[in-house]
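Trainee: Got a minute to go through a structure with me? I'd like to ask things as they come up.

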Amino acid sequence: MPLVTARQLLDEAAKGGYGVGAFNVNNMEQIQAIMAAAVATKSPVIVQASRGARTYAEDRYLYHLMLAAAELHPEIPMSLHQDHGNSFDTCKSAIALGFTSVMMDGSLREDGKTPATFEENVQVTRRVVEYAHERGVSVEGEIGVLGGVEDGHGAGGSGLEHVTDPDQAVEFAERTGVDSLAIAIGTSHGAYKFSKKPDGSVLKMDILIAIHKRLPHTHLVMHGSSSVPKDLQDVINQYGGRLKPTWGVPIEEIQLGIRNGVRKINVDTDSRLAITGAIRKVFAESPEKFDPRDYLKPAREAMQKVVAARMTQFGQAGHAGDYTPTPISEMAKGYASGKLDTRPSRAAR
Ligand SMILES: [Zn+2]
């Protein structure tokens, strides 16, 4: 199956009332883990790569691994998405490479650290939307600033310093025409999201619900949404790791989001924890081993297990065969004709 846009996957998810996990990758084993989970659960899926991942894996390796995944699993609709593009040029290079969806994170300046002004964000995001839509590629924007740092990207802090203002979200959607919108509701990147199980004082689901009511045609995206389950933390610590106690975003809060317009849920930390725990276990229990396959195979299986669990919990499981993939050339026509316009003043009601 050719790679499809995230927009098509999220439109279908909106019709079906479910969410789609977007899982980060850096190497072959992670791509294989995601594909095995998608096949086992019959799930459409978004595979995403950060700038750091593109550098680590090298663009061509990464892209061809994705082509291999598409070739091997024609029954799985999947999208290749640029996670946290920091500039027009990053998004342009992703599109040139063959990514079918890009995130322009204009909430931060090009350094990936300094919060940008609202106007700066609108301008750069609008430019990416015009360029990408002409080529049939979908765009995710971000308004408000997430907490934490991952892959060298992020403003740091707790996640509550720049929570999204619903009025600004509406104006942003109108002026940029993004397909999907990441909002800041208190979540953070990385393993250390919350110091106790989060409640309404630190995880602002009410803001998410308010934004969805006003932007029913813009798909909402939850970043920093690993659940950081205790059993995965325990495996790491049991075999010599030193993770401090931490809480992620509980599955039931993500499911509440899905009932209120969240269509894309980003998961990276949970995969990292699963992989690291599995490798530590082999190293601790079988110190005589030195064939990388002896620990990469269990690592891949551990990631597959957590990804499959998320696919079931987000509701995407069972939906791989629901629709026919639309090539990006057709998506470009849909954008040009206005049929795919999400701006609140123009979207089809
Ligand atoms: Zn993110």
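Mentor: Sure, we'll go through the metal site, some helix pairs and a few single residues, keeping in mind that this is a predicted model.

Trainee: Let's start with the metal. Which residues are the protein donors of the zinc ion?

Mentor: Three histidines: His-84 and His-189 each use NE2, while His-223 uses ND1. Their donor atoms lie 2.0 to 2.1 Å from the zinc ion.

Trainee: How are the donor residues spaced in sequence?

Mentor: The pattern reads H-x104-H-x33-H. His-84 and His-189 are 105 residues apart, so to speak of where they sit: His-84 is in strand β3 (residues 78-85), and His-189 is in the loop between β6 (180-183) and α8 (205-214). That pair links distant parts of the chain.

Trainee: Are those two buried or exposed?

Mentor: His-84 has a relative accessibility of 7%, so it counts as buried. His-189 is buried too, with a relative accessible area of 9%.

Trainee: Back to His-84 for a second. What is its phi?

Mentor: Positive, about 50°, although His-84 is not a glycine. Most residues other than glycine have a negative phi.

Trainee: Where else should I look for a positive phi in a residue other than glycine?

Mentor: Try Glu-58, with phi near 75°. Glu-58 lies in the loop between α3 (51-57) and α4.

Trainee: And is Glu-58 buried or partly exposed?

Mentor: Partly exposed, because its relative accessibility is 46%. A glycine with a positive phi is there to look at as well: Gly-17, near 70°, follows α1.

Trainee: While we're at α1, which of its residues are buried?

Mentor: Helix α1 covers residues 6-16, and the buried ones are Ala-6, Arg-7, Gln-8, Leu-9, Leu-10, Glu-12 and Ala-13.

Trainee: New topic, helix packing. At what angle do α2 and α4 pack?

Mentor: About 25°, with the axes 10 Å apart. Here α2 is residues 28-41 and α4 is residues 59-72. The two helices are therefore roughly parallel to each other, and α2 passes α4 in a right-handed crossing.

Trainee: Which residues make the contact?

Mentor: On the α2 side, Met-28, Ile-31 and Met-35; on the α4 side, Leu-62, Leu-65, Met-66 and Ala-69. By class that gives 7 nonpolar residues, with no polar and no charged ones.

Trainee: Why would a helix put residues three or four places apart into one contact?

Mentor: An α-helix has 3.6 residues a turn, so residues three or four places apart point the same way.

Trainee: OK, and α6 with α7? How do their axes cross?

Mentor: At roughly 35°, coming within 9 Å, with α6 at residues 118-134 and α7 at residues 166-176. The crossing of α6 and α7 is right-handed.

Trainee: What's in that contact?

Mentor: From α6 you get Phe-118, Glu-119, Asn-121, Val-122, Gln-123, Thr-125, Arg-126 and Val-129. From α7 come Gln-168, Glu-171, Phe-172, Arg-175 and Thr-176. The class count for α6 with α7 is 4 nonpolar, 5 polar and 4 charged residues.

Trainee: Tyr-131 caught my eye. Where does it lie?

Mentor: In helix α6. Leaving aside neighbours within four places in sequence, Tyr-131 is in contact with Phe-88, Lys-92 and Ile-95. If you want a distance, the C-alpha atoms of Tyr-131 and Gly-85 are separated by 14 Å, and the two residues are 46 apart along the chain.

Trainee: Moving on to Arg-310. Is it buried or exposed?

Mentor: Buried, because its relative accessibility is 5%. Arg-310 sits in helix α12 (residues 292-314).

Trainee: What does Arg-310 touch?

Mentor: Not counting residues up to four places away in sequence, Arg-310 touches Phe-23, Ser-227, Pro-229, Ile-251, Asp-270 and Gln-316.

Trainee: Last one, Gln-233. Which helix is it in, and what does it touch?

Mentor: Gln-233 lies in helix α9 (residues 230-238). Again not counting residues up to four places away in sequence, Gln-233 touches Val-228, Leu-243, Lys-244, Pro-245 and Thr-246. With a relative accessible area of 6%, Gln-233 is buried.

Conventions. Residues are numbered from 1 along each chain as its sequence is written. This is a predicted model: local features need pLDDT of at least 70, side-chain atom pairs count only at pLDDT 80 or more; totals for chains, interfaces and linings use all residues. Side-chain values use heavy atoms; hydrogens and water are left out. Axes are lines fitted to C-alpha atoms, for helices over the stretch in contact, and angles run from 0 to 180 degrees between N-to-C directions. Helices (H or I, at least four residues) and strands (E, at least two) are DSSP runs, numbered from the N terminus. Angles under 35 degrees count as roughly parallel, over 145 as roughly antiparallel, 65 to 115 as roughly perpendicular and the rest as oblique. A crossing is left-handed if the near helix is turned anticlockwise from the far one by less than a right angle, and right-handed if clockwise. Contact means heavy atoms within 4.5 Å. Ala, Val, Leu, Ile, Met, Phe, Trp, Tyr, Cys and Pro count as nonpolar, Asp, Glu, Lys and Arg as charged, and the others, Gly among them, as polar. Donors are N, O and S atoms within 2.8 Å of the metal (3.2 Å for Na, K and Ca); water is not among the atoms, so sites may look incomplete. Buried means under 20% relative accessible area, exposed over 50%, partly exposed in between (1.4 Å probe, protein chains only).
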